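Visitor: Please take a close look at one residue and its surroundings, and then say how the rest is laid out.

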Amino acid sequence: MRDFSYARPTSRAEAIALAGMPDTMVLAGGTEFLNWARIGIVEPARIVDISRIPGIEGVEALAGGVRIGALTKLNDAAQHPLIRASYPVLSEAILKSASAQIRNLATVGGNPLQRVRCPYFRADEPTPCNKRVPGSGCAALHGFNEKHAIFGWTKDCVAVHPADPLVALAALDAVFTTDGKDGGRRIPARSFNTLPGEDATAHSVLRHGELIVGIEIGGAAPKSAYLKIRERESYEFATVSAAVALDLDGEVIRRARVALGSVAMRPWRLAETERRLAGQRLGSPAIGAAVDAGFADALPLSSNAYKIKLARNAALRTIELAARA
Amino acid sequence: MSEHQTAVSRRDVIRRGAMVAAGVAIVAPTDAGDASESLSKRFETLATAHIEINGVDHRLELQPRVTLLDTLRERLNLTGTKKGCNRGECGACTVLLDGRRVNACLVLAVAADGRKVTTIEGLADGPHLHPVQQAFIDHDAFQCGFCTCGQIMSAVGCIAEGHTGSNAEIREWMSGNICRCSAYPQISAAVEAAARERV
């Protein structure tokens, strides 16, 4: 690991000024950064530890919604009474991610900044990977790609984003609020990460020196659920996951929001499925047909066609789970 | 530990000086080069951290890249905290940071400045074992023992969090600690028993 120098600002303004320095990275929970640095994925000269800047930690009710400060630990956000009661899909998604120890360190603002778990990206020895070395190609395209994308991939990158909370946030139409030297932005969770068709070398739209300061979620979604399919029962990344939030009128779906995880470089909202679910009665055959319609543009790689069926069934099951939530 | 306590630390002196410099740079960046230089001075290549470890104050001069895990083991000879995977996957390095269980391999020691750390060496009360340590012995909750210190620290955290309502809940909330010998049934039984004793 390359040595780096360290600063721990005590205000947001100071943090932004320092984070904008060249060859500088921001540290919050640190659970990803140290592993990147060990592998050599990043080699910053400077680290800005923002973990103690005030005013961006905790959960607070907004008019018609909630704000979660970026520095809120994953465990604290998931177990907050307001999140548990009003956004069960988010609470479940967080508690199914990582381990209890990591969730005590990792922050909700750092979570979407995780990088892909593709073994070629994380390799100790150099392998072709456009996210590791732009222009070097994609070893996963014709290599080990059992866990890779079925939506939105290109021959330049077939990796999926691994975050669970992000999938719930995308289903809830949550927004990341940022701050930076040119002011703040509002970035929808569903489009925070960069698809390879936009830029195969990029991870997210966050700019150098820009900080995520919070997450805002709109109206409560008590009828919501998260399903994570994985090779182990706990402490494992998803093979596929599904987040569903329903607005019901008795047994009839007024509005459905469906996002899939670990199928693309960002949470994948099934827009056509959502459109067809509106007005359908729970348990009717039309539900399955609506889910199928969302997979019209799914495209498997050489070794992951099974993920299409798995994701389809996960979406269907999660609709049922959300209806019973 | 008077040798660890100084009225004004080097970090304080540097920080106050740098904050003045940075403040000037932000308010009046008449020269971009000067501003950048002032900001650069906020970064330390050798930092001082005051960390209370098992009730004892330590003043440590640290390279920023050094982890809490390596500091405990290599600097302070607290080798009960084990270095298993060194990437946050096995849980062998679990310690309590301000009372909450974390992977010491994922924490920079300098970032623990001002915080309290409890390791396996800090659990027993003199000759009296901590109830979780005793429960692990009573339930034969280890074979090779390499993961045990991390398992016990994680169990202390798990019990304090109240995630011991059932064996299934214990297994879920202890899943960050891998046991290569697969002593999981005995480990979860030990945690269950220790949690009952606490109530």
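Guide: What follows starts at one arginine and then moves outward. The model is predicted, with local features requiring pLDDT of at least 70 and side-chain atom pairs counting only at pLDDT 80 or more, while totals for chains, interfaces and linings use all residues. Residues are numbered from 1 along each chain as its sequence is written, and chains are lettered from A and ligands numbered from 1 in the order in which they are written.

Arg276(A) sits in helix α9 of chain A, residues 271–277. Helices are DSSP runs of H or I with at least four residues, strands are runs of E with at least two, and both are numbered from the N terminus. Arg276(A) counts as buried because 20 C-beta neighbours lie inside 10 Å. A residue is buried with 20 or more other C-beta atoms within 10 Å of its own, exposed with 12 or fewer, and partly exposed in between, the C-beta atoms being placed from the backbone.

Beyond neighbours within four places in sequence, Arg276(A) contacts Ala290(A) and Ala293(A); contact means C-beta atoms, placed from the backbone, within 7 Å. Ala293(A) is 17 residues from Arg276(A) along the chain, with 8.2 Å between their C-alpha atoms.

Chain A is divided into domain 1 (5–49) and domain 2 (227–324), with bounds from an automatic or database domain assignment. Their centres, taken over C-alpha atoms, are 37 Å apart.

Chain B has seven helices and five strands, in the order α-α-β-β-α-β-β-β-α-α-α-α from the N terminus. Of its 199 residues, 41% count as buried.

Methods
Contact = placed C-beta atoms within 7 Å.
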